[in-house]
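Got the model open in your viewer? Let's take a short walk through it, one selection at a time.

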Amino acid sequence: MFTSLGLFGSVSCPRGKDCSLLKCIFSHDNVPIPAEAQPLKIPASGDDGPPSKRVKVESVQLPGSSIPSCNLTQSSLEMGRRSSKPVAPKQNQNTQDSSRAQEATQPTSSHGPPNPSGSKPAKHINTASAPSSAQLPPRKAPKETLNPRMLAHAPATHGTRTAILQKLHSAMTALNEKLRKDKNSSNRCFVLTPDEIITMALDEEEKFARDSPSVYGNVIRLRIVRVTKMGIDEWIKEVMSHLNTRYYKINPVQKPQAIPRPINTGLTPAEEITVVSQLVTPLTGLEEHGYVTTQPTNAEIETAKRGVDGSKGWEKCDRCSQRFQVFPGRREDGALASGGHCDYHPGRPVYPQRKKTDHVTGPSQPYFPCCGEALGTSTGCTRAETHVFKVSETKRLASILQFKTTPSQPGKGPLEPISIDCEMGYTTLGLELIRLTAVSWPKGSDLLDVLVRPMGEVLDLNTRFSGVTPQHYASAKPYGTPIPSISSPSIDGEKKINPPLQLVQSPTEARDLLLQLLQPETPLIGHAIDNDLNACRIIHPTVIDTVLLYPHPKGLPIRMGLKALAQKHLSRDIQVGDNGHDSKEDSIATGDLVRVKVGEKWKLLKKDGHKIEGGKLVHPSGRVSTATSSWTTVHKRKLSR
């Protein structure tokens, strides 16, 4: 009998589960198998046993080592339907039956083409409970050789590219063999076949040749050196990134959400306000770190303006460090900036810790956490429409909008502390205020939350960090317009759509609204508050900065991030997801970090015999303690070293 051509492989068998043919030319995918037709186990001795029917996908449990906990979602059409494969010619019956059983263990993607049989496709595999790497979606690497792919404009000769490609392939092969021999069986699913190794090497070489042609030789050699020095864990990350790009999406196991730690200071809110005055840090002497304590003079402002006029709009990009020209008010052709697209890394480079084996293999190269690329090997993994810049010099900030010292408001009396957070976006005048949020302390109730229309034309709202999008401005209401406080549920019923924000027409108006909530002696709380105060152009004498309360071991200018502090001291996850920061969430977290310090400070004061009487902190000797304690004086002394 002639071998079938597989022309009916996509057609469901008319007899379905009643089909008794050994090699049916029709499809039997996902057809339930009667009990009497269940396949027999293949003898362990290797003797030919009776041929087996196809095995139901959901019922397969192959023995073997477990694989990492990651969710696999097949997304490539390269892994099309199995039913379209022609039936193999008759060769070795035992080999054919074994391959058929293995084929049946491979799941069908619900994102792929529809199942011709009309039956329900197999569910996505949650490999956290999968018993074997045999259940991974099939990967079909193309048959290629170590021959560089053709490019319209090759950065080097074919011989040079071939030699480099062979070295890169050798380094990858060596790491793949280390992973194959690794005793940790949970990583077996990341062992690549020879064809996959070749494809991965070709992909990487082509990427460098296309994206960095001018420095191709340097970056590809640095890449080879880095691959040579990689450990198993780092290689697994590289393989995962490659599989994500070419075959399917591997979602790492989501870290269980932290349970927020309750804050118990042992004090009432009024008593906490009394103790928090002991945490105020004088800013005098910290000007070199960005804190502004005095207004720039008119002469300094004029000097700054002459410098800006003389530069003719040339600035240094805050993201990629490239020089470009900015055009406030727009150029004749409507452009706001020159230089074209901005390619950059959104994350700061990570410098791996030194290892004992560095004297043999060399130290690990610093890399960017956003994409895993080594420092200096790529121009950037993210592209923006324009270049942007930031103004840090105090006198130049004042030339755009002069600083204002918090005025006294005798008619209002003492005001409760405030925790603030500001979001900034890039404009033709630098980094400007675009959102201002203030909450009461220690309760965290809403006081002020407004969008701000910047003075310059917007280059980039910096949504990745600010969380502000054009849609926020489109849906914003003028300040003073009543807005419902209840958020409405979204379509999926899980997330909430926040009500629109109120919009003020200038940073000056936003600053005036904030100053209405402050007296000069009102504690103003923030994280890296120098950035917030400079964006608002405010000079405030009574400041509590969590950067100074929780200093970095190496001291300023290195600072601990708010996200890390909230995770460590509050067991709270903030700034998660891809929607950027939420200034309200950040301001509340900042205030709660201060509450933790208030609890610690009160324990020390109570141990020394301090008491709270009549809303004032009383020393054991009977005198009222001043706002600035010895703790802040010592802390200030450490910062100045």
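Select Asp-582 and Lys-584 at the start of H16: a side-chain oxygen of Asp-582 comes within 3.1 Å of the backbone nitrogen of Lys-584. That fits the polar contact rule: N or O atoms within 3.5 Å, one able to donate a hydrogen and the other to accept it, with sequence neighbours counting only if both atoms are side-chain atoms. This is a predicted model, where local features need pLDDT of at least 70, side-chain atom pairs need 80 or more, and totals for chains, interfaces and linings use all residues. Numbering runs from 1 along each chain as its sequence is written, and side-chain values use heavy atoms, without hydrogens or water.

Now follow H16 to Gly-609, which comes after the helix and has a positive phi, near 100 degrees.

Next, select strand S8, residues 418-427 (strands are DSSP E runs of at least two residues, helices H or I runs of at least four, numbered from the N terminus). Are its residues buried or exposed? Ten of ten are buried, meaning under 20% relative accessible area with a 1.4 Å probe, protein chains only. Both faces are covered, with Ile-418 among the residues on one side and Ser-419 among those on the other.

Add S9 (430-440): it pairs antiparallel with S8 over ten bridges, where pairing takes at least two DSSP bridges. Two residues separate the strands in this hairpin, and Gly-425 sits opposite Glu-432.

Then bring in S16 (524-526), parallel to S8 over two bridges, with Ile-418 facing Leu-524. Finish on S11 (458-460), which runs antiparallel to S8 and is joined to it by two bridges; Tyr-426 stands opposite Asp-460 there.

Notes
Buried < 20%, exposed > 50% of the residue type's maximum accessible area, 1.4 Å probe, protein only.
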